[in-house]
Amino acid sequence: MDDRTIYLRHLPLAAYRPRSMLHVPEHQVDRARFPVVDAHNHLGTWLTKGWAVGDVPALLDAMDASNVATIANMDGFFGQTLERNLDRYDRAHDGRFITFCGLNWHETAEPGFGDRLARSVTESAAAGAKGLKVWKELGLHVSDDEMQPLMPNDPRLAPVWAACSAAGLPVLIHTADPMAFFEPLDETNERLEELLQHPDWWFGDRERFRPFEHLIDSLEGLVATNPRTVFIGAHMGGAAEDLARVGRMLDMYANFHVDIAARIAELGRQPQGAKSLIERHPDRVLFGTDWFPPEPEAYSIHFRFLETEDESFPYSTEDIPAQGRWAISGLGLSEDVLRAVYADNARRLIPGLTGGAAVP
């Protein structure tokens, strides 16, 4: 056995760079067929050093080129942070950006937190927020005044959802994370490379974190007990790997919607199931990317995924795709469904796009 063969037999996974030999149709879709609302993105300072977008006019030019009419910014939070985001985006570029507010979860350390958080929602709505973003920390990291994990369906949070309903604000809620993030961290985990790069994304320690199913059950309980509040389940309702469950929730709860943000990798490896679900609920699925800063290349991949029937193409611009070593196939949605997913559903649900959120 020569040295080259010995090396290849022990090739580290990180060094493996397979090139597909498939010859299949390819379509570059640089501009969406219809105007788009990116209903889930990050433009603030929360997840990046400094503003996620350094040159707003350049972003607007890129949006125009891609046919993106509006981007929803999830980074408003509350108080002065909200004001800075509103000034930089919404107020400076009317109609091109909307900003969602957030909550100060430190409030939960003292009793009566539900009413205080509800007042914060009301104040943020008055300032110009167009929705409430709830991140995965609720259910994973937030504790109540007795140092117990606070779950999305905790009845003490009912005033928050009532305040959103009263203000006409939809709640875009990120619950749990990919299923593999809750599985053992071993050679069977399909997201092992990603988790090794981001060890704080692993929630498989049962002494510290609730199981995935408990979190999604809590989300369903939240939606079920607050029927007058509009909920948008971020990342395909948190269960993109289980579309049967997502579909059941969409069947059962008229106030429940989902976005596709950061989940085309999951949806594109089950294109028939994904297309079937979207076609069954065309008015309940929103376009979003969660790709920040927003880039034409990212939009092009999303448009190709939704508009074409291309097979086996990359879902990422990265050499090694972060969410798993596989390719995706396109859905080839009809024009009517594309219009709904690209913008119509967001315009119906989010104030500032339509003037008020719908009441189911």
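# Notebook: helices, a small set of strands, and salt bridges

**Entry 1: the α4/α6 pair.** I looked up helix α4 (residues 113-127) against helix α6 (residues 158-167): they pack at about 20°, and their axes are 8 Å apart. That angle is under 35 degrees, so α4 counts as roughly parallel to α6. I noted the handedness too: α4 passes α6 in a right-handed crossing. I should say here that I am working on a predicted model.

Which residues make up this contact? On the α4 side I listed Gly 114, Asp 115, Leu 117, Ala 118, Val 121, Thr 122 and Ala 125. They meet Pro 159, Val 160, Ala 163, Cys 164 and Ala 167 in α6.

**Entry 2: the sheet.** Next I went to an open sheet of three strands, with order β1-β2-β3 and parallel pairing. Its edge strands are β1 (36-41) and β3 (97-99), each of which pairs on one side only. From one strand to the next I get an average twist of 15°.

I then checked the β2/β3 pairing. Strand β2 (residues 68-73) runs parallel to β3, and three bridges join them. To pin down the register I took Ile 71, whose bridge partner in β3 is Phe 97.

Which helices lie across these strands? Helix α2 (residues 56-66) lies across β2 and β3, running at about 130° to β2. Helix α14 (residues 335-349) lies across β1 and β2, and its angle to β1 is about 70°.

**Entry 3: salt bridges.** How many salt bridges does the structure hold? I have 21 on the list. I pulled out a few and looked up the accessibility of each partner.

Asp 87 pairs with Arg 91, with the closest N and O atoms 2.7 Å apart. Asp 87 has 44% relative accessibility, so I logged it as partly exposed. Arg 91 has a relative accessible area of 43%, so it is partly exposed as well.

Arg 304 forms a salt bridge with Asp 310, and here the closest N and O atoms are 2.7 Å apart. Buried or exposed, these two? Arg 304 has a relative accessible area of 12%, so it is buried. Asp 310 is buried too, because its relative accessible area is 2%.

The side chains of Arg 191 and Glu 266 meet in a salt bridge at 3.0 Å, N to O. Arg 191 sits in the loop between β5 (171-173) and α7, while Glu 266 belongs to helix α11 (residues 264-267), so the pair ties together parts that are 75 residues apart in sequence. Arg 191 is at 3% relative accessible area, so I put it down as buried. Glu 266 is at 4%, so it is buried.

I followed that pair outwards. Which residues share a network of salt bridges with Arg 191 and Glu 266? I found Glu 190, Glu 194 and Arg 269 linked with them.

**Entry 4: Pro 199.** Last, I looked up where Pro 199 lies. It is in the loop between α7 (192-197) and α8 (212-225). Its relative accessibility is 57%, and the cut-off for exposed is over 50%, so Pro 199 counts as exposed.

I also took a long-range distance from Pro 199. Leu 338 is 139 residues away along the chain, and the C-alpha atoms of the two are separated by 37 Å.

How values were computed: Residues numbered from 1 in each chain as written. Predicted model: local features only at pLDDT ≥ 70, side-chain atom pairs only at ≥ 80, totals over all residues. Heavy atoms only, no water. Pairing = 2+ DSSP bridges. Helix = DSSP H or I, 4+ residues; strand = E, 2+ residues; numbered from the N terminus. Axes fitted to C-alpha atoms, helices over the stretch in contact; angles between N-to-C directions. Contact = heavy atoms within 4.5 Å. Buried < 20%, exposed > 50% of the residue type's maximum accessible area, 1.4 Å probe, protein only. Salt bridge = Lys/Arg side-chain N within 4 Å of Asp/Glu carboxyl O. Parallel < 35°, antiparallel > 145°, perpendicular 65-115°, else oblique. Left-handed = near helix turned anticlockwise from the far one by under 90°.
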